[in-house]
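Work through the following exercises with the sequence and the model open side by side. Each task is followed by a solution that proceeds step by step.

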Amino acid sequence: MNRPRLLRTGAPLLAVSLAALLPDLAQAQGLPALTLSQGQDGTTYSLSLQILVLMSVLTVLPSLVLGMTAFTRIIIVLSILRQALGTQQTPPNQVLIALALFLTAFVMQPTLTPIYEEAVSPYLEGEITAQTAMARGETHMRAFLLENTRQADLLMFADLAGDAPYAGSADVPLTVLLPAFLTSELKTAFQIGFLIFLPFLVIDMLVASILMALGMMMLSPVLVSLPLKLLLFVMVDGWSLLMGSLAAGYGVQ
């Protein structure tokens with residue numbers, strides 16, 4: 001009867017004691033705490049805090065890749081193409097994502113190259129500060145986003161934010177530009193997907209009509225139309241046409 005009571009009262013005391021001893025243990029092992037130190041050169045962050053900030057940036061990085069590049073449009077178009085072909089999981093998701101990433105890198109090269117040359121490389125060499133590098137990189141990325149954003153979507157989000165008409169592209173905040181860009185990308189992707197679906201839909205309807213006319217209602221039209229759609233897609237060199245069209249949509253020749 002006394003042991004459970006001892007466990008109930010001793011566990012909280014043990015937890016409090018460990019919490020009090022953790023800073024001493026960290027100092028004994030040489031582990032820096034989450035501290036800030038003010039000096040003549042500015043604020044210095046401890047190693048643990050720097051790692052925490054780095055992990056937070058890495059967590060947000062996939063969202064930035066999805067929201068500020070051509071990846072969204074490309075992966076949606078590829079997914080719609082797979083549904084139009086009716087091949088279920090072929091190509092698999094890993095192949096589609098890899099293809100979308102490589103094509104995104106190809107499309108974004110004219111934008112990322114100046115960012116590296118004018119912002120990243122000078123910052124790594126210590127020629128400019130982090131704030132200057134961010135400002136230079138934002139200029140090129142903002143130009144890409146504005147070029148591929150519909151004006152109607154931009155005005156809609158500006159009205160929702162309660163902002164007045166902007167004097168120039170530099171005055172458009174990223175909080176308005178990013179959702180407007182994503183909305184434009186989704187609209188464009190679905191428009192391309194509709195055009196991709198049409199020829200395959202015609203094949204499905206023709207196969208279904210022929211099977212109905214022949215009285216072969218027990219035979220699945222999908223089973224017959226699938227090889228025809230694959231044959232058509234291969235004969236017109238569909239992959240090259242699709243990849244070229246997606247890249248040309250961003251001005252890459």
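**Exercise 1. Handedness and make-up of a helix pair**

Task: Determine the handedness of the crossing of H3 and H4, and state which residues of the two helices meet.

Solution: Keep in mind throughout that this is a predicted model. The crossing of H3 and H4 is right-handed. Its geometry is given by the two axes, which for H3 (residues 71-85) and H4 (residues 93-124) come within 9 Å and cross at roughly 145 degrees. On the H3 side the contact is made by Phe-71, Ile-74, Ile-75, Leu-78 and Arg-82, and these meet Asn-93, Leu-96, Ile-97, Leu-99, Ala-100, Leu-101, Leu-103 and Thr-104 of H4. Sorted by character, the residues of this contact comprise ten nonpolar, two polar and one charged.

**Exercise 2. Orientation of a second pair**

Task: Decide how H7 and H8 are oriented to each other, and describe the contact that they form.

Solution: Begin with the axes of H7 (residues 174-213) and H8 (residues 221-235), which come within 9 Å and cross at roughly 140 degrees. Angles over 145 degrees would count as roughly antiparallel and those from 65 to 115 as roughly perpendicular, and H7 and H8 are therefore oblique to each other. The handedness of the crossing of H7 and H8 is right-handed. In the contact itself, Phe-200, Ile-203, Asp-204, Val-207, Ala-208 and Leu-211 from H7 meet Pro-221, Val-224, Ser-225, Leu-228, Lys-229, Leu-232 and Phe-233 from H8. By character, the residues of the H7 and H8 contact divide into ten nonpolar, one polar and two charged.

**Exercise 3. The two faces of H6**

Task: Establish which residues of H6 are buried, and which exposed residues are carried by the face turned away from them.

Solution: In H6 (residues 151-161), the buried residues include Asp-153, Leu-154, Phe-157 and Ala-158. Viewed down the axis of H6, the buried residues fall within an arc of 135 degrees, so they line one face of the helix. As background to this step, an α-helix has 3.6 residues a turn, so residues three or four places apart point the same way. The buried residues of H6 pack against H5 and H7, whereas the face turned away from the buried side carries the exposed residues Gln-151, Ala-152, Asp-159 and Leu-160. At the end of the element, Ala-161 still lies in H6, and with a relative accessible area of 44% Ala-161 is partly exposed. The C-alpha atom of Ala-161 is separated by 9.0 Å from that of Thr-175, which is 14 residues apart from Ala-161 along the chain. Just after H6, Gly-162 takes a positive phi of about 75 degrees.

**Exercise 4. An arginine in H5**

Task: Is Arg-142 buried or exposed, and which residues beyond its neighbours within four places in sequence are in contact with Arg-142?

Solution: First locate Arg-142, whose place is in H5 (residues 130-147). Its relative accessible area is 10%, and because buried means under 20%, Arg-142 is buried. Once the neighbours within four places in sequence are left aside, the residues in contact with Arg-142 are Ser-169, Ala-170, Val-172, Pro-173, Leu-174 and Leu-177.

**Exercise 5. The protein as a whole**

Task: State how many helices and strands the protein has, and in what order the elements run from the N terminus.

Solution: The count comes to nine helices and two strands, and from the N terminus on the order is α-β-β-α-α-α-α-α-α-α-α. Of the 253 residues, 28% count as buried. Among contacts with a separation of 6 or more, 64% are accounted for by residues 24 or more positions apart.

Terms used: Residues numbered from 1 in each chain as written. Predicted model: local features only at pLDDT ≥ 70, side-chain atom pairs only at ≥ 80, totals over all residues. Heavy atoms only, no water. Axes fitted to C-alpha atoms, helices over the stretch in contact; angles between N-to-C directions. Helix = DSSP H or I, 4+ residues; strand = E, 2+ residues; numbered from the N terminus. Left-handed = near helix turned anticlockwise from the far one by under 90°. Contact = heavy atoms within 4.5 Å. Nonpolar A, V, L, I, M, F, W, Y, C, P; charged D, E, K, R; others polar. Parallel < 35°, antiparallel > 145°, perpendicular 65-115°, else oblique. Buried < 20%, exposed > 50% of the residue type's maximum accessible area, 1.4 Å probe, protein only. Arc of directions from axis to C-beta.
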